[in-house]
Structures are given as C-alpha cells and as structure tokens.
Amino acid sequence: MKTDAVRGHLDGLLLAVLEQGPLHGYAIIAAVQQRSGGALALRTGTIYPALQRLERLGLLASAWDAVGERRRRCYELTDAGRGSLAQERSAWQEFTRAIGSVLNPVPSPSPASSSQGLTA
C-alpha cells in the first residue's frame, strides 16, 4: 500500500494498536501489519518519530522494559490518547462515508419509478 495513503492516518493506527495494552516498537509494527492482513508494513524510521511526537503531546506514555539483557521502550495510551483515538475513529468514519458516497454512489430512484405506486 502506498505510504502516502497511510501518512494522514498514522497517529490513529498507532493509537489503535496500543488500545489493548503496552507494546514496544517492533510489536507495534507487527500488530499493524497483522491487523491489516499484511497490507501495511510500517518502517521503524516512520513509527519511532511518531511515537515520540505522540508522547510529547501527552497521548502516550512510555517506560523502559527489560527482556533478559535487552532493554526496549514500551508505549501505552494515556487517557488523553484514548480520547484522541475516539476522535480519530469518528473522523475516519466520516471520511470513509464521504469518499464512499463519491466512489460508490447509491443510485437515486428515477422519477418515473417513484411515482408509479402513487395512483389515486
């Protein structure tokens, strides 16, 4: 899938995969890829700056987690992040409804067929 198609929706994607609990960067990438059926393959160079920006905005919190001798930063939603995710979902539904109405218009009934059942 084209990177441009994801660009405006990256925040919502990241917030959505973190809704179920804290994840580290590679797990976030894997979750997006798995949920999208492989259609979305985000790069580390894309998500880490976005995660840091979302944390600066107060939508995410992070902490270091140790797995064996390896340390990795895990991210989780804040209350503000949950509110932002709700707004992202609402905006996405509105966007898809608008685009869908243009790409797949519902044919309006022709004047002749709508008046056929109206005989007096």
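Helices and strands here are DSSP runs, with at least four residues for a helix and at least two for a strand, numbered from the N terminus. L40 falls outside such runs, in the loop between α3 and α4. The model is a predicted one.

**Overall layout**

The protein chain contains six helices and three strands. Along the sequence these elements follow the pattern α-α-β-α-α-β-β-α-α. Of the 120 residues in the protein chain, 26% are buried. The exposed area of the protein chain is about 8400 Å², and carbon and sulfur atoms supply 54% of that area. Among contacts in the protein chain with a separation of 6 or more, 46% are between residues 24 or more positions apart.

**The nonpolar core**

In soluble globular proteins, nonpolar side chains tend to be buried together. The largest nonpolar core in this model has 22 residues, and the members that touch the most other members are L14, L18, I28, L51 and L60. At least two residues of this core come from each of α2 (10-17), α3 (25-35), α4 (44-56) and β3 (70-77). The greatest contribution is that of α2, which gives five residues.

Helix α2 is itself mostly covered, with six of its eight residues buried. Those buried residues are L10, G12, L14, L15, A16 and V17.

What is I28 in contact with, leaving aside its neighbours within four places in sequence? The partners are L14, V17, L18, L23, I47, L51 and Y75. Two of these partners, L14 and V17, are also listed among the buried residues of α2.

**Four individual residues**

The table gives the relative accessibility of four residues and the class that follows from it.

| Residue | Relative accessibility | Class |
|---|---|---|
| L40 | 12% | buried |
| H24 | 17% | buried |
| E55 | 28% | partly exposed |
| L103 | 63% | exposed |

H24 lies in strand β1, which covers residues 23-24. H24 is buried because its relative accessible area is 17%, where the cut-off for buried is under 20%. The side chain of H24 makes a polar contact of 3.0 Å with the side chain of R72. Not counting residues up to four places away in sequence, H24 touches R72, R73 and C74.

L40, the loop residue between α3 and α4, counts as buried because its relative accessibility is 12%. The C-alpha atom of L40 is separated by 8.9 Å from that of I29, and the two residues are 11 residues apart along the chain.

E55 belongs to helix α4. The relative accessibility of E55 is 28%, so this residue counts as partly exposed, a class lying between the limits of 20% and 50%. Leaving out residues up to four places away in sequence, E55 touches L60, A61, S62 and Y75. Of these, Y75 is 20 residues apart from E55 along the chain, with a C-alpha separation of 8.5 Å. Y75 is also one of the residues in contact with I28, and L60 is one of the core members that touch the most others.

**A nonpolar surface patch**

Which residues make the nonpolar surface patch of about 420 Å²? W92, F95, I99 and L103 make this patch. L103 is placed in helix α5, which spans residues 79-103. L103 counts as exposed because its relative accessibility is 63%, and the cut-off for that class is over 50%.

How values were computed:
Residues are numbered from 1 along each chain as its sequence is written. This is a predicted model: local features need pLDDT of at least 70, side-chain atom pairs count only at pLDDT 80 or more; totals for chains, interfaces and linings use all residues. Side-chain values use heavy atoms; hydrogens and water are left out. Patches are made of residues with over 30% relative accessible area and no salt bridge: like charges are joined within 9 Å, nonpolar side chains (Val, Leu, Ile, Met, Phe, Trp, Tyr) within 5 Å. Accessible areas come from the Shrake-Rupley method with a 1.4 Å probe; for residues, only the protein chains shown count as cover. A salt bridge is a side-chain nitrogen of Lys or Arg within 4 Å of a carboxyl oxygen of Asp or Glu. Buried means under 20% relative accessible area, exposed over 50%, partly exposed in between (1.4 Å probe, protein chains only). A nonpolar core is a set of buried Ala, Val, Leu, Ile, Met, Phe, Trp, Tyr and Cys residues joined through side-chain atoms within 4.5 Å. Contact means heavy atoms within 4.5 Å. A polar contact is a pair of N or O atoms within 3.5 Å; within protein, one must be able to donate a hydrogen and the other to accept it, and residues adjacent in sequence count only if both atoms are side-chain atoms.
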